[in-house]
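The following exercises concern helix packing, aromatic pairs and residue environments. Each task is followed by a worked solution.

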Amino acid sequence: MRNTSVLPRRFPKIDVNPRYVVERDNAAQVIQHDLWPLAKIDPTKQKFPCCLVWTPLPVVSWLAPFVGHVAICREDGAIVDFSGDSMIRVGHLLYGDVARYYQMDRQQCCFGGYFGGHTCKQSYQHAQFGRAISWDDAVQLSARNFVHRTFNIFSCNGHSFAANCLNRLSYGGSMHWNMINVGALIMFKGQWVDGWSILRSFVPLIVVVCYGYLVIGWACPVVLLSFYLLLFGWYVLVSYCFKNLESG
């Protein structure tokens, strides 16, 4: 006789209930948007939850105050800073205290890890790039990636690191974050920490312009303007034409 005890059991076919699928998708949305409240921004402790933060760079920002160093912060407010070759700092910016910040809205993130679902339109591209299940997860994944990169102020810098995080989150439904739009976001929508932050960002430029005018006259602002155009043109080329340089 055949021993039927070792034969595989045949289970009844289970039909997928559309109502279950809807409830599962709704549960995913609830989990995604059930975000715990963030602590208050505290500049004295350098705590900026879910913020992009900016500080002027020595020498470079004296000539071009719109150029600076950018980092991104975790949900607990700790600054995560790509500031040198294979170097990720946590807690403080390498180049000084935060002067300007912009707090991001986590509701605009696509946390594609829950049940494999996406809320952004480019779900396949998002999954291929590297999705994250939370804000902190995106920051951690980007930090692991950039810890093996070479820092370059002109092509792979703090702006690139922040852009990488935002692309992992498909922030605002976009996966085209780069040095240009990250810089523009914090420049046009960011807030100054205090009056001293404004002074230390612009006083060096005023001193340079005044001294240059006294020495070489109107040629000084013309040279500075040419420098700005060249600098801006370079960043546009790297961000939109030579993306491989920025991506490392």
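Contact here means heavy atoms within 4.5 Å. With that definition, residues 24 or more positions apart account for 65% of the contacts in the protein with a separation of 6 or more. The model is predicted. Its secondary structure comes to nine helices and six strands, and buried residues make up 40% of the 248 residues.

**Exercise 1.** Determine how helix α5 and helix α6 pack, and describe the contact between them.

*Solution.* Two packed helices are described by the angle between their axes and the distance between the axes.
- Step 1: For α5 (residues 158-168) and α6 (residues 179-189), the angle is about 95 degrees and the axes are 8 Å apart.
- Step 2: Angles of 65 to 115 degrees count as roughly perpendicular, so α5 is roughly perpendicular to α6.
- Step 3: On the α5 side, the contact is made by H159, S160, A162, A163 and L166; M179, V182 and G183 contribute from α6.
- Step 4: Sorted by class, this contact has five nonpolar, three polar and no charged residues.

**Exercise 2.** Carry out the corresponding analysis for helix α7 and helix α8.

*Solution.*
- Step 1: The axes of α7 (residues 195-216) and α8 come within 7 Å and cross at roughly 130 degrees.
- Step 2: This angle is neither over 145 degrees nor within 65 to 115; α7 and α8 are therefore oblique to each other.
- Step 3: From α7, the residues in the contact are L205, V208, V209, G212, Y213 and I216. From α8 they are A219, C220, L224 and Y228.
- Step 4: By class, the contact of α7 with α8 comprises nine nonpolar residues, one polar residue and no charged residues.

**Exercise 3.** Classify the aromatic pair of F66 and Y228, and state which parts of the chain the pair ties together.

*Solution.*
- Step 1: The structure holds eleven aromatic pairs.
- Step 2: In the pair of F66 and Y228, the ring centres are 5.2 Å apart and the planes are at 75 degrees. Planes over 60 degrees apart count as edge-to-face, so this pair is edge-to-face.
- Step 3: F66 lies in the loop between α2 (60-63) and β2 (68-73), and Y228 lies in helix α8 (residues 219-241), so the pair ties together parts that are 162 residues apart in sequence.
- Step 4: With a relative accessible area of 35%, F66 is partly exposed.

**Exercise 4.** Describe the aromatic pair of F146 and F161 and its surroundings.

*Solution.*
- Step 1: F146 and F161 form an edge-to-face pair, at 5.4 Å centre to centre and with 70 degrees between the planes.
- Step 2: F146 belongs to helix α4 (residues 135-146) and F161 to helix α5, 15 residues apart, and the pair links distant parts of the chain.
- Step 3: Both F146 and F161 are buried.
- Step 4: Ring pairs link F82, F146, F151 and F161 into a cluster.
- Step 5: The charged end of R149 sits over the ring of F146, 4.0 Å from the ring centre.

**Exercise 5.** Is Y240 buried, partly exposed or exposed, and with which residues is it in contact beyond its neighbours within four places in sequence?

*Solution.*
- Step 1: Y240 is found in helix α8.
- Step 2: Its relative accessibility is 44%, so Y240 counts as partly exposed.
- Step 3: Leaving aside neighbours within four places in sequence, Y240 is in contact with N178, I180 and N181.
- Step 4: From C-alpha to C-alpha, Y240 and H176 are 9.5 Å apart in space, with their positions 64 residues apart in sequence numbering.

Conventions:
Residues are numbered from 1 along each chain as its sequence is written. This is a predicted model: local features need pLDDT of at least 70, side-chain atom pairs count only at pLDDT 80 or more; totals for chains, interfaces and linings use all residues. Side-chain values use heavy atoms; hydrogens and water are left out. Axes are lines fitted to C-alpha atoms, for helices over the stretch in contact, and angles run from 0 to 180 degrees between N-to-C directions. Helices (H or I, at least four residues) and strands (E, at least two) are DSSP runs, numbered from the N terminus. Angles under 35 degrees count as roughly parallel, over 145 as roughly antiparallel, 65 to 115 as roughly perpendicular and the rest as oblique. Ala, Val, Leu, Ile, Met, Phe, Trp, Tyr, Cys and Pro count as nonpolar, Asp, Glu, Lys and Arg as charged, and the others, Gly among them, as polar. Rings of Phe, Tyr and Trp (its six-membered ring) pair if their centres lie within 6.5 Å; planes under 30 degrees apart count as stacked, over 60 as edge-to-face and the rest as tilted. Buried means under 20% relative accessible area, exposed over 50%, partly exposed in between (1.4 Å probe, protein chains only). A charge sits over a ring if NZ of Lys or CZ of Arg is within 6 Å of the ring centre and within 35 degrees of the ring normal.
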